[in-house]
Amino acid sequence: MNIGFIGAGRAGCSLGKYISEFCIKNPVFAENTNITGYYSSKPEDAQWAADFTNSACFADLNAVVTASDTIVISTPDGAVMKVWDSLIDFDLRGKIICHLSGSLSSDVFSINEVKGFYPVSVHPLFAFSNKDSIYKQLNKAGFTLEGHEYAVNAWKNLLSQLGNKVVEIDGSVKAKYHAAASILSNHVLAVLATGYELLEECGFSSEEARSFTKGLVSDNIANAIEKGCVESLTGPIERNDIATVNKHLSVLSKAQKEVYHACGNKLLQISAQKNRHSCPKTQMAIRLKVRG
């Protein structure tokens, strides 16, 4: 695979650097894999990425298409279709055309039957916080793939050699999959922010709120990953403790109650799975309280 990138943001730079570093350490792997270079609407960004990955800086789209048999559109989601519209008229026969979007499927690359290319979406389930060092942690990332069988197999082979976990999904569930990723990554922060906010209202400093609860938060996450959410659940909702839930709701602001209600109702479902023999009347009473 001779892989060229269109777009020189955090994801594209990190993935290119990750692959190029592996090539340096594994000469046999490098015999069949190469980062050809980068093209960007901002030439200075493409030059930075090229220097970073020891590859070429392409002056135009024709150059990256000619030099690469695998083309990765590593732009923000909103720009993928614009780039694709610019590529349609090129000779793409036999090439693998990719994007890195979590929410878009490979179906955005239309007319592949006519043009003879292989479309695929390649999504690293990973938060790219920067583009100059975060690549060092990509070995921990899982990747999802969907698209043409040939392209999926090519990327699966590449990523497996790199040591990454790979899961194939159907293009029809990409939006749901990305929603799950956003909840697990971003929405969790909303819950943490609400808890920290309440501690600050109790007199904790921002730093104290985070450090004081580090074990509580990290242990809960670790337990959920290891044992699952049902087995990890504790707390007043799990115990059917209506009095404590009432106390909580009595001191929360409207916005805080909304978070409590939304999370509490999901906890009720989890609790019902964990405590299948609990009293139905108690479950119903606490359900009405949590729903507000």
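This report walks through charges, cysteines and a few loop residues in the structure above. Keep in mind as you read that the model is predicted.

**Salt bridges**

Let's start with charged pairs. The count comes to five salt bridges, and three of them are set out here.

| Pair | Closest N to O distance |
|---|---|
| Arg-93 and Asp-91 | 2.8 Å |
| Glu-168 and Lys-156 | 2.3 Å |
| Arg-239 and Asp-241 | 3.9 Å |

Take the pair of Glu-168 and Lys-156, which meet with N and O atoms 2.3 Å apart. Glu-168 sits in strand E8 (residues 165-168) and Lys-156 in helix H7 (residues 149-162), so this bridge ties together parts that are 12 residues apart in sequence. Glu-168 is partly exposed at 46% relative accessibility, and Lys-156 is partly exposed too, with 29%.

In the pair of Arg-93 and Asp-91, Arg-93 is exposed at 62% relative accessibility, whereas Asp-91 counts as partly exposed at 43%. As for the bridge between Arg-239 and Asp-241, its acidic partner Asp-241 has a relative accessible area of 22% and is partly exposed.

**A negative patch**

Which residues form the negative surface patch? They are Glu-197, Glu-200, Glu-201, Glu-207 and Glu-208. Helix H8 (174-201) and helix H9 (206-212) each bring at least two residues to this patch. H8 gives the largest share, with three residues. Glu-208 belongs to helix H9, and its relative accessibility of 42% makes Glu-208 partly exposed.

While you're looking at helix H8, find Asn-186, which also has its place there. Asn-186 is partly exposed, at 44% relative accessibility. Follow the chain and you'll find Asn-186 and Pro-124 62 residues apart, with their C-alpha atoms 15 Å apart in space.

**Cysteines**

How many disulfides does the model have? The count is zero. For Cys-13, the nearest cysteine sulfur is that of Cys-57, and it is 11 Å away. A disulfide needs two cysteine sulfur atoms within 2.5 Å, so at 11 Å from that nearest sulfur Cys-13 is in no disulfide. Cys-13 is buried, with a relative accessible area of 0%.

Cys-202 isn't in a disulfide either; the nearest cysteine sulfur to Cys-202 belongs to Cys-263, 18 Å away. Is Cys-202 buried or exposed? Cys-202 is exposed, at 62% relative accessibility.

**Loop residues**

Now for two asparagines with a backbone angle worth a look. Asn-54 is not a glycine, yet it has a positive phi of about 55 degrees. You'll find Asn-54 in the loop between helix H3 (43-53) and strand E3 (56-57), where it is exposed with a relative accessible area of 74%.

Asn-240 has a positive phi as well, about 60 degrees, and it isn't a glycine either. Its loop runs between helix H11 (229-232) and helix H12 (242-251). Why does Asn-240 count as buried? Because its relative accessibility is 16%, and buried means under 20%.

One more loop residue rounds things off. Ser-110 lies between strand E5 (96-99) and helix H6 (112-115). With 34% relative accessibility, Ser-110 counts as partly exposed. Ser-110 and Ile-88 are 22 residues apart along the chain, and 8.9 Å separates their C-alpha atoms.

Notes. Residues numbered from 1 in each chain as written. Predicted model: local features only at pLDDT ≥ 70, side-chain atom pairs only at ≥ 80, totals over all residues. Heavy atoms only, no water. Patch = residues over 30% accessible without salt bridge, like charges linked within 9 Å, V, L, I, M, F, W, Y side chains within 5 Å. Areas by Shrake-Rupley, 256 points an atom, 1.4 Å probe, with all protein chains shown as cover. Salt bridge = Lys/Arg side-chain N within 4 Å of Asp/Glu carboxyl O. Lys, Arg positive; Asp, Glu negative; His and termini not counted. Charge placed at Lys NZ, Arg CZ, Asp CG, Glu CD. Helix = DSSP H or I, 4+ residues; strand = E, 2+ residues; numbered from the N terminus. Buried < 20%, exposed > 50% of the residue type's maximum accessible area, 1.4 Å probe, protein only.
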